[in-house]
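Please walk through the fold shown here, beginning with how its helices pack and then turning to the chain as a whole.

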Amino acid sequence: MTANKKLLVLPGDGIGPEVMREVRRVIDWMDRRRQVSFDLEEDLVGGAAIDARGTPITEATLAKAKAADAVLFGAVGGPRWDTLGFDKRPELAILSLRKDLGLFANLRPATVLDPLVDASTLKPEVVRGLDIMIVRESTGGIYFGQPRGVETLPDGTKKGVNTEVYTTPEIERVARVGFELARRRGNRLCSVEKANVMESGLLWRQTVSALGAAEFPDVQLSHMYADNCAMQLVRNPRQFDVIVTTNLFGDLLSDLASMLTGSLGMLPSATLGGLSEDGRRNALYEPIHGSAPDIAGRGIANPLAQVLSFAMLLRYSFAMEEDAALIERACTKVLAGGFRTADIMQPGMAKVSTQVMGEQLLRELDKLAA
Ligand code: NAD
């Protein structure tokens, strides 16, 4: 038995608990079959925590998240809590976690699984086999820089200001995540900014270049302007391996890249913090979709984004590459077997519930591990 791995599970609201239930079955399966034991705790966040405790996330839950080796998050929010003020909304749970755990690197893979190649709006020959990873800096840049605000000018007109600010340590720490990821994948990193028109972009480019030369000379580094990157992602997305970019450009480019795959219910993500002296790294894993109130409670949500988020957790927090790959292969097999939840339904396929999708996944895991 390998040492216990401390996991905090936060299902949240809406379809969060429904899709997390299927992950719990995968975890139980691993406990039984793969000789790994998880020390698992579950807690309330979001609207569920507001209802039970009057706050979207308690200090005690934040402390548990800090003490855990990794956090698996579902989704929060829903119309029930939409009338609350911005200082009380369910979504504050995720913002507090990001802030308290110092999570600055948001990882969004865009992978096209073969059975779903037709779900993309792009031609199959452009996206078949797509496997890229976008690393977005997520705690700095223009969404946080000072000065910011709206002021009234002497002539009565108004001026709105936001400021793109990056320091070398902020650039280095997120670029380091990008380089390390590239080393574990195709060994290519593309750094994206607008060094042609922004001073902060020029500093970004110089800093990433210097870091690459000093610490990652083996990784093939390229640079691209953000506008060109948007175009290239649609023209020929397979040219990329890992992309590292700023908060603003990452926001846009990661949404663009995820839609290359065509299915929200399939997309996982990770947000990582820095490495501490004892070699630990805070990390939170979640699907990119929300709590989907329109289908919550009907048992029809696609659990695969949540399952694939768990696979990312195994890979990046516990270095369990084989187990992560096994789960990913099982997901592909279920789809290849013709099983589809409503969101990815295609003609001639079998439409199944969240629970049946989970059962089919366990069957494939059994077969692959036999
Ligand atoms: P959403 O992602 O919840 O839903 C968008 C559409 O995709 C809906 O039609 C939904 O039914 C569908 N969908 C999403 N996930 C699916 C799945 N796994 N299987 C099948 N269909 C799926 O986005 P939204 O509707 O804009 O937001 C709903 C709520 O979720 C809001 O309260 C929002 O604030 C919250 N939200 C939370 C997070 C988070 O917790 N990190 C992220 C995004 C939105």
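In this predicted model, helix α1 passes helix α10 in a right-handed crossing. The first of these helices spans residues 16-33 and its partner residues 304-318, and their axes come within 8 Å of each other while crossing at roughly 45°. An angle of that size makes α1 oblique to α10, because it falls neither under 35 degrees, where helices count as roughly parallel, nor within the 65 to 115 degrees that count as roughly perpendicular. On the α1 side the contact is formed by Val-19, Met-20, Val-23, Val-26, Ile-27 and Met-30, which meet Gln-306, Val-307, Phe-310 and Leu-314 of α10. Sorted by character, the residues of this contact comprise 9 nonpolar and 1 polar, with no charged residue among them.

A second helix pair can be read in the same way. Helix α6, residues 168-184, and helix α7, residues 199-215, have axes that come within 9 Å and cross at roughly 50°, and α6 and α7 are therefore oblique to each other. The crossing of α6 and α7 is right-handed. From α6, the contact draws on Thr-168, Ile-171, Glu-172, Val-174, Ala-175, Arg-176, Phe-179 and Arg-183, while α7 contributes Leu-203, Trp-204, Thr-207, Val-208, Leu-211, Gly-212 and Glu-215. Here the residues divide into 8 nonpolar, 3 polar and 4 charged, whereas the contact of α1 with α10 has no charged residues.

Another link across the sequence involves Gly-358, which lies in helix α12, residues 354-369. Gly-358 has a relative accessible area of 5% and is therefore buried, since the term applies to values under 20%. Although Gly-358 and Arg-21 are separated by 337 residues in sequence, their C-alpha atoms are 8.8 Å apart in space.

These details can now be set against the protein as a whole. Its secondary structure comes to 12 helices and 14 strands, and among contacts with a separation of 6 or more, 74% are between residues 24 or more positions apart. Of the 370 residues in the protein, 51% are buried. Taken along the principal axes, the C-alpha atoms fill a box of roughly 65 × 50 × 45 Å. A compact globule of 370 residues would have a radius of gyration near 21 Å, and the protein, with 21 Å, therefore agrees with that expectation.

Note on methods:
Residues are numbered from 1 along each chain as its sequence is written. This is a predicted model: local features need pLDDT of at least 70, side-chain atom pairs count only at pLDDT 80 or more; totals for chains, interfaces and linings use all residues. Side-chain values use heavy atoms; hydrogens and water are left out. Axes are lines fitted to C-alpha atoms, for helices over the stretch in contact, and angles run from 0 to 180 degrees between N-to-C directions. Helices (H or I, at least four residues) and strands (E, at least two) are DSSP runs, numbered from the N terminus. Angles under 35 degrees count as roughly parallel, over 145 as roughly antiparallel, 65 to 115 as roughly perpendicular and the rest as oblique. A crossing is left-handed if the near helix is turned anticlockwise from the far one by less than a right angle, and right-handed if clockwise. Contact means heavy atoms within 4.5 Å. Ala, Val, Leu, Ile, Met, Phe, Trp, Tyr, Cys and Pro count as nonpolar, Asp, Glu, Lys and Arg as charged, and the others, Gly among them, as polar. The radius of gyration is taken over C-alpha atoms; the globule rule is 2.2 Å times the number of residues to the power 0.38. Buried means under 20% relative accessible area, exposed over 50%, partly exposed in between (1.4 Å probe, protein chains only).
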